[in-house]
Amino acid sequence: MNLVFTGFMGTGKTSVGKKIAEKLNFKFFDTDTFIEKHSQLTISKIFADLGEEIFRQMESEAIEALSEMDSIIISCGGGAVLNTQNLINLSKNGIIINLSASPEQIFQRIKDDKKRPLLQCQNPLNKIKELLKERKKAYENCDFSFNTDNLTVNEIADMILNDKDIAELLKKGIKK
Ligand code: S3P
């Protein structure tokens with residue numbers, strides 16, 4: 001049984017995922033890091049030189065490979081759940097946890113980060129709002145959802161691990 005984190009950029013998937021991996025003694029994988037390692041290219045370079053469509057293919061391949069593993073934490077890029085096949089693969093052996101946050105908090109968390117090609121634009125806050133609206137349904141389609149506004153990484157990790165349903169699923173090692 002894997003724990004999979006999805007949600008928009010800046011909702012805490014990677015930091016919370018790493019914290020939970022530490023607590024559960026699970027290995028941690030991030031789809032973006034997986035792609036960068038295997039392609040020897042940065043995400044920014046992939047978007048700039050190869051385009052988003054190729055990036056999405058690489059992301060699906062990364063998810064397919066990671067879904068074959070067991071007892072790992074997977075942090076997915078924010079757009080991963082837009083592809084239904086990715087969700088199907090992740091669901092086979094994983095509990096899918098969506099992290100959310102308000103557009104303002106997301107903006108505060110990512111505003112100095114130049115590594116997210118989709119937000120390198122004139123008005124990143126507007127772009128965040130627009131993409132959140134477009135992706136709302138996909139994010140809602142996950143097994144569990146937690147809002148991370150005004151919480152520390154530790155608080156979010158504890159909130160997730162203290163969830164009775166998640167604890168039960170992890171204990172049984174079976175999917176909902
Ligand atoms: C993306 C999110 C990023 C990365 C890429 C595209 C998205 O990952 O995969 O820049 O479409 O939301 P994080 O959510 O880890 O920042």
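These legends accompany several close-up views of one predicted model.

**View 1. The largest pocket and its lining.**
Let us begin with the open space in this predicted model. The largest pocket holds about 810 Å³ of space. Its lining is made up of 38 residues, and Met9, Thr14, Asp30, Asp32 and Arg116 are the ones that lie nearest the centre of this pocket. Six helices each give two or more residues to the lining: α1 (13–24), α2 (31–39), α3 (43–50), α4 (52–67), α6 (103–110) and α8 (153–161). Which of the elements gives the most to this lining? The answer is α1, with five residues. Sorted by class, the lining has 12 nonpolar, 14 polar and 12 charged residues.

**View 2. The second largest pocket and its lining.**
Here the space comes to about 160 Å³. The residues that line the second largest pocket include Phe8, Thr11, Asn98, Leu99, Ser100 and Ala101. Ile106, Leu132, Lys136, Tyr139, Glu140 and Ser145 also belong to this lining. Two elements, β4 (94–100) and α7 (124–140), each supply at least two lining residues. With four residues, α7 gives the most. By class, the lining of this pocket has six nonpolar, four polar and two charged residues.

**View 3. Gly17, a buried residue in helix α1.**
Find Gly17 in helix α1. Is Gly17 buried or exposed? Its relative accessibility is 0%, so Gly17 counts as buried. Looking beyond residues up to four places away in sequence, Gly17 touches Phe5, Gly12, Phe28 and Ile73. You can also compare sequence and space here: Gly17 and Phe29 are 12 residues apart in sequence, and their C-alpha atoms are 8.6 Å apart.

**View 4. The buried side of helix α2.**
In this helix, look for Thr31, Phe34 and Ile35, which are the buried residues of α2. Why do they sit on the same side of α2? They cover an arc of only 95° around the axis, and therefore share that side of the helix. Among the elements that cover these buried residues are β2 (27–30), α3, α4 and β3 (72–75).

**View 5. The buried side of helix α3, and the glycine that follows.**
Now turn to α3, where Ile43, Ile46 and Phe47 are buried. These residues lie on the same side of α3 because they cover an arc of only 95° around the axis. The buried residues of α3 pack against α2 and α4. Just after α3 comes Gly51, which takes a positive phi of about 95°.

**View 6. A tilted pair of aromatic rings, Phe47 and Phe55.**
A pair of aromatic rings is described by the distance of the centres and the angle of the planes. How many aromatic pairs are counted in this model? The count comes to one aromatic pair. Phe47 and Phe55 form this pair, with 4.8 Å from centre to centre and 40° between the planes. The pair is called tilted, because planes under 30 degrees apart would count as stacked and planes over 60 as edge-to-face. Both Phe47 and Phe55 are buried.

**View 7. Phe107, a partly exposed residue in helix α6.**
Phe107 lies in helix α6. Its relative accessible area is 22%, so Phe107 is partly exposed; buried would mean under 20%. Leaving aside residues up to four places away in sequence, Phe107 touches Pro124, Leu125 and Ile128. How far apart in space are Phe107 and Lys92? From C-alpha to C-alpha they are 33 Å apart, with a separation of 15 residues in sequence.

**View 8. Gln40 and Asn150, two loop residues with positive phi.**
Start with Gln40, in the loop between α2 and α3. Gln40 is not a glycine, yet it has a positive phi of about 60°. With a relative accessibility of 66%, Gln40 counts as exposed, because exposed means over 50%. Then move to Asn150, in the loop between β5 (144–147) and α8. Asn150 is also a residue other than glycine with a positive phi, near 55°. At 66% relative accessibility, Asn150 counts as exposed.

Key:
Residues are numbered from 1 along each chain as its sequence is written. This is a predicted model: local features need pLDDT of at least 70, side-chain atom pairs count only at pLDDT 80 or more; totals for chains, interfaces and linings use all residues. Side-chain values use heavy atoms; hydrogens and water are left out. Rings of Phe, Tyr and Trp (its six-membered ring) pair if their centres lie within 6.5 Å; planes under 30 degrees apart count as stacked, over 60 as edge-to-face and the rest as tilted. Buried means under 20% relative accessible area, exposed over 50%, partly exposed in between (1.4 Å probe, protein chains only). On a 1 Å grid over the protein atoms alone, a cavity is a set of points where a 1.4 Å probe fits but cannot get out, and a pocket is an open set with protein on both sides within 12 Å along at least five of seven lines; lining residues have an atom within 4 Å of a point. Grid points are joined across faces, edges and corners, and a volume is the space filled by probe spheres set on the points. Ala, Val, Leu, Ile, Met, Phe, Trp, Tyr, Cys and Pro count as nonpolar, Asp, Glu, Lys and Arg as charged, and the others, Gly among them, as polar. The arc is that of the directions from the helix axis to the C-beta atoms. Contact means heavy atoms within 4.5 Å.
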